[in-house]
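Trainee: I should like to understand how the terms used for a structure are justified. May I ask about them in turn?

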Amino acid sequence: MTKIWVDADACPVVIKEILFRAAERTAIEMTLVANQAVRVPPSRYIKALQVSAGFDVADNEIVRRCEAGDLIITSDIPLASEVIDKGAEALNPRGERYTKANIRARLNMRDFMDTLRSSGVHTGGPPALNQADRKAFADQLDRWLAESRK
C-alpha cells in the first residue's frame, strides 16, 4: 500500500491542510516527519514522527522508511533525488513533480545557486506561496492519488 511522507519542518501550513483533507478523503496513510513536534488532526490515517535534531535527520528517516511507489512531499531537492532513486515519487509544495527526467537539472541549478550565494551574490529567496501554487499542488496530488489507485 502506497504512503505519503511529508518533510514537515519546512512544509507550509496551507499545504499540510490540503494533505490532511486528501488523506482523510482517500484513506491513505500519511506521516509527517520533523525534528520538532508537529500538530496533526485526530485521524487513523495521519501520523507525526518526531526525529532528533540534526542536519538531515528527518530527510534520512524519510529515505530509510519510504518505498517504491510512495509519495514524498518536499522542497529539498537532494532528498527528492534520493527517494526517486528508491523508486518513490516527489512533489514540492508548489506543485512541481520531481522525476528521473528533471531531478539532475534541479540539483545542478541548486548547486549553482549555492555557489553564487557562497561567493556573496544575493539571490533572494523563493516568492511567497500563492493561490496558483496551492492549486498546482492540489492538482498534482490528486493526479498522483488517482494513479496510485490503479
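Mentor: Please do, and keep in mind that the model is predicted. We may begin with helix α2 (residues 57-65), which gives the most to the lining of the second largest pocket, with three residues.

Trainee: What is the volume of the second largest pocket, and which residues are closest to its centre?

Mentor: The volume is about 230 Å³. The pocket is lined by 16 residues, and D7, D9, A10, D59 and D76 are the closest to its centre.

Trainee: What makes up the lining by class?

Mentor: There are seven nonpolar, four polar and five charged residues in the lining of the second largest pocket.

Trainee: Why is the contact between E61 and R64 called a salt bridge?

Mentor: The N to O distance between their side chains is 2.7 Å. A salt bridge requires a side-chain nitrogen of Lys or Arg within 4 Å of a carboxyl oxygen of Asp or Glu, so the pair qualifies. Both residues lie in helix α2, three residues apart, about one turn of the helix.

Trainee: Why is E61 called buried and R64 exposed?

Mentor: E61 has a relative accessibility of 14%, and buried means under 20%, so E61 counts as buried. R64 stands at 56%, and exposed means over 50%, so R64 counts as exposed.

Trainee: How do you know that R97 and E147 tie together separate parts of the chain?

Mentor: R97 and E147 form a salt bridge, with the closest N and O atoms 3.0 Å apart. R97 lies in strand β6 (residues 97-98) and E147 in helix α5 (residues 131-148), so the bridge ties together parts that are 50 residues apart in sequence. R97 is buried at 16% relative accessibility, whereas E147 is partly exposed at 38%.

Trainee: Which residues are joined into one network by salt bridges that share partners?

Mentor: K3, E29 and K47 are joined in this way. Between K47 and E29, the closest N and O atoms are 3.0 Å apart. K47 is in strand β3 (residues 46-50) and E29 in the loop between α1 (13-26) and β2 (30-34), 18 residues apart.

Trainee: Why does D70 have no salt bridge?

Mentor: The nearest side chain of opposite charge, K3, is 6.2 Å away. A salt bridge needs the atoms within 4 Å, so D70 has none, although D70 is buried. The side chain of D70, found in the loop between α2 and β4 (71-73), reaches the backbone nitrogen of E67 at 2.9 Å.

Conventions:
Residues numbered from 1 in each chain as written. Predicted model: local features only at pLDDT ≥ 70, side-chain atom pairs only at ≥ 80, totals over all residues. Heavy atoms only, no water. 1 Å grid on protein atoms, 1.4 Å probe; cavity = no way out; pocket = protein on both sides within 12 Å on 5 of 7 lines; lining within 4 Å. Points joined across faces, edges and corners; volume = space filled by probe spheres on them. Helix = DSSP H or I, 4+ residues; strand = E, 2+ residues; numbered from the N terminus. Nonpolar A, V, L, I, M, F, W, Y, C, P; charged D, E, K, R; others polar. Buried < 20%, exposed > 50% of the residue type's maximum accessible area, 1.4 Å probe, protein only. Lys, Arg positive; Asp, Glu negative; His and termini not counted. Polar contact = N/O pair within 3.5 Å; in protein donor to acceptor, adjacent residues only side chain to side chain.
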